[in-house]
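Please look through the sequence and the three-dimensional structure shown here before reading on. The explanation that accompanies them is meant for a reader who has not met this structure before.

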Amino acid sequence: MTHTLRIATRKSPLALWQSEHVAACLRAAHPDLDVVLVPMSTRGDEVLDRSLAAIGGKGLFLKELEVAMQRGEADCAVHSLKDVPMELEPGFALPAVLARADYADAFISPRYETLGALPHGARVGTSSLRRQAQLRALRPDLQLSDLRGNVNTRLAKLDAGAYDAIVLACAGLDRLGLGRRARHRLLAPEWLPAPAQGAIAVECLVDDARTVALTAALDDTDTRICVEAERAMNRTLHGSCHVPVAAYAQLDGQRLHLRGLVGNADDGRAVRAEAMGTRDAPQALGRTVAGALLDAGAADYLKV
């Protein structure tokens, strides 16, 4: 007997790719499962003339999808985990975090190979306060401008000459077959990504046992451990897209290493901290690094 699972998804090319990827993984795991997409628009996709921080944050990408699940119009939703708030709305769960793709940010420019090669006063586009803070720390001379829209829209603005360079996630470029556009990967420890960057998550209603069981088959244990540490750090700091917070965790056998940063997008000042823990206590490690950041003065940057 064939059963159907409906995935609510945003309509952007990247969101559709991610949802199709999850659908393919579900079909492989459950050959008798009929998986269909339910494309929807969200407020985060529709309001492009203001920064995400100004209109309410990345949670705007989730709300309509969650309502669709509550109304019975979809069984689950697929998200970039970096866009998922640290605290889910009551009644929702993340039964699956897929294996992480490239965690890094990409430096993209038609003319310049690296961030250091940009001329004085060059124009760089990014809507991320986290990226702005790290750009200002490395190159305080740059002119930083807000940049919204899907990946193709942002690349088109760059190609039209609106910017000398932009910064996007490597994973998004790779998933759209645009990895060649990356001139340079911005890597830890010098440059840190958003918490959970590169990971895809499946969200569903916590009491929907059937969907929880079906989607949990896609969960990647190592990725979940790393992103739980990163998200626990951010949760402890009460971080959001209103504050430049970065985190990256790496597993080495039983050991888990977490680096964190809290910065200031206006002047590039930042505090950093890191610690080692064990793979069976990722959230404790996240809280430890958050405490070290607060001890180093992060509270001054977290006042918004």
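The paragraphs below move from a sheet and its helices to a pocket, and then to a loop.

The model is a predicted one. A convenient place to begin is an open sheet of 3 strands, arranged in the order 11-12-13 with antiparallel pairing. Strand 11 (245-252) and strand 13 (270-278) each have a single partner strand and stand at the edges, so one side of each is left without a neighbour in the sheet. From one strand to the next, the twist averages 15°. Strands of a sheet pair through backbone hydrogen bonds, and such pairing may be parallel or antiparallel. Here, strand 12 (residues 255-263) is joined to strand 13 by 9 bridges, and the two run antiparallel. One of the residues involved is G260, whose bridge partner in strand 13 is A273.

Helices accompany this sheet. Helix 5 (residues 129-138) lies across strand 11, strand 12 and strand 13, and runs at about 90° to strand 11. Helix 9 also packs on the sheet, where it touches strand 11 and strand 12. The direction of helix 9 makes about 150° with that of strand 11.

Helix 9 leads on to a pocket. The second largest pocket has a volume of about 200 Å³. Its lining comprises 13 residues, and L94, R224, E228, R231 and R235 lie nearest the centre. Two or more lining residues come from each of strand 4 (92-97) and helix 9 (221-237). Which element gives the most to this lining? Helix 9 does, with 6 residues. By character, the lining residues divide into 7 nonpolar, 1 polar and 5 charged.

Strand 4, the other element named in that lining, is mostly covered, with 6 of its 6 residues buried. Strand 4 runs antiparallel to strand 10, and 4 bridges join them. Among the paired residues is F92, whose bridge partner in strand 10 is L205.

Strand 10 in turn leads to a loop with notable backbone geometry. P189 lies in the loop between strand 9 (184-186) and strand 10 (200-205), and the peptide bond from A188 to P189 is cis, with omega near 5°. A196 is found in the loop between strand 9 and strand 10 as well. Although A196 is not a glycine, its phi is positive, at about 70°. Most residues other than glycine have a negative phi, and most peptide bonds are trans. Is A196 buried or exposed? A196 counts as buried because its relative accessibility is 0%.

Notes
Residues numbered from 1 in each chain as written. Predicted model: local features only at pLDDT ≥ 70, side-chain atom pairs only at ≥ 80, totals over all residues. Heavy atoms only, no water. Helix = DSSP H or I, 4+ residues; strand = E, 2+ residues; numbered from the N terminus. Buried < 20%, exposed > 50% of the residue type's maximum accessible area, 1.4 Å probe, protein only. 1 Å grid on protein atoms, 1.4 Å probe; cavity = no way out; pocket = protein on both sides within 12 Å on 5 of 7 lines; lining within 4 Å. Points joined across faces, edges and corners; volume = space filled by probe spheres on them. Nonpolar A, V, L, I, M, F, W, Y, C, P; charged D, E, K, R; others polar. Pairing = 2+ DSSP bridges. Axes fitted to C-alpha atoms, helices over the stretch in contact; angles between N-to-C directions. Contact = heavy atoms within 4.5 Å.
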